Amino acid sequence: MPAAREVPVQLTVNGARRAATVPARTLLVHFLRDHLRLTGTHVGCDTTQCGACTVALDGVAVKSCTVLAAQADGHEITTIEGLAIPGEGALDPVQQAFQDEHALQCGYCTPGMVMAIRQLIADHPNPAEDEVRHALSGNICRCTGYQNIVAAALRAAQPAAAQGATQPAADHAAEPPAGPAATQRAVANAAEPPVAESLHDNRTAGKREG
Ligand code: FES
Ligand code: FES
């Protein structure tokens, strides 16, 4: 059997340039976890159902199990590790809201939930409860702690709404975009438009079953 084709991949992850040569079939989530040891991004299904693998790609939440590392070449990734650096300041507002609302049990879904909620607040600074629930429809909590997760999302959105802000949190890695329109413009200007378009087909909402 011939050896798997390998490709060089260079990304900016949480503000740092990272490079590796990996098999072409390597998923972004496995690149993050296995090559960069950023294990805060979880794998719950590998089939785009659970949202545990959600990260921000150029400021847009995507499920990293549906993106090849090679597709993300040249792009910026923010993982849960990029939101609050130990010893260097406060938690991201969404993380703080999770703490305040006791919005996690085992915590396996939490990184993906946090990344999805940051995207929601970036798009809708003052979401209603039904908008929160819809935005999280692509994220599964197997502990079924949805009530407190929704409460945390609504709490995290309060400062953004009060300030008229369009971004939910200070991001140590990169400034999130103003919203989907800005993101689409940024992506349209990217070096590889067909790849970027396919990446944004992997946005997080709307895939939960059962
Ligand atoms: Fe990616 Fe479940 S591991 S959606
Ligand atoms: Fe356990 Fe959500 S807190 S899966």
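In this predicted model, helix α2 passes helix α3 in a right-handed crossing. Two packed helices are described by the angle between their axes and the distance between the axes. For α2 (residues 93–100) and α3 (residues 110–123), the axes come within 9 Å and cross at roughly 125°. Because angles of 65 to 115 degrees count as roughly perpendicular and those over 145 as roughly antiparallel, this crossing makes α2 oblique to α3.

At the level of residues, the contact is made by Val94, Gln95 and Phe98 on the α2 side, which meet Thr110, Val114, Ile117 and Arg118 on the α3 side. The residues of this contact divide into four nonpolar, two polar and one charged.

Turning to α2 itself, its buried residues are Pro93, Val94, Gln95, Ala97 and Phe98, and among them Val94, Gln95 and Phe98 belong to the contact with α3. The helix is followed by His102, a residue whose phi is positive, near 50°.

The wider setting is the largest nonpolar core, which has 52 residues, and within which Leu28, Ile117 and Ala153 have the most contacts. Of these, Ile117 is also one of the α3 residues that α2 meets. Two or more residues of this core come from each of the strands β1 (6–13), β3 (54–57) and β4 (60–63), and from each of the helices α1 (28–35), α2, α3, α4 (129–135) and α5 (146–163). Among the contributors, α3 gives the most, with eight residues, so that the partner of α2 in the right-handed crossing is also the element that gives the most to this core.

How values were computed
Residues are numbered from 1 along each chain as its sequence is written. Chains are lettered from A and ligands numbered from 1 in the order in which they are written. This is a predicted model: local features need pLDDT of at least 70, side-chain atom pairs count only at pLDDT 80 or more; totals for chains, interfaces and linings use all residues. A residue is buried if 20 or more other C-beta atoms lie within 10 Å of its own, exposed if 12 or fewer, and partly exposed in between; C-beta atoms are placed from the backbone. Helices (H or I, at least four residues) and strands (E, at least two) are DSSP runs, numbered from the N terminus. Axes are lines fitted to C-alpha atoms, for helices over the stretch in contact, and angles run from 0 to 180 degrees between N-to-C directions. Angles under 35 degrees count as roughly parallel, over 145 as roughly antiparallel, 65 to 115 as roughly perpendicular and the rest as oblique. A crossing is left-handed if the near helix is turned anticlockwise from the far one by less than a right angle, and right-handed if clockwise. Two residues are in contact if their C-beta atoms, placed from the backbone, lie within 7 Å. Ala, Val, Leu, Ile, Met, Phe, Trp, Tyr, Cys and Pro count as nonpolar, Asp, Glu, Lys and Arg as charged, and the others, Gly among them, as polar. A nonpolar core is a set of buried Ala, Val, Leu, Ile, Met, Phe, Trp, Tyr and Cys residues joined through C-beta atoms within 7 Å.
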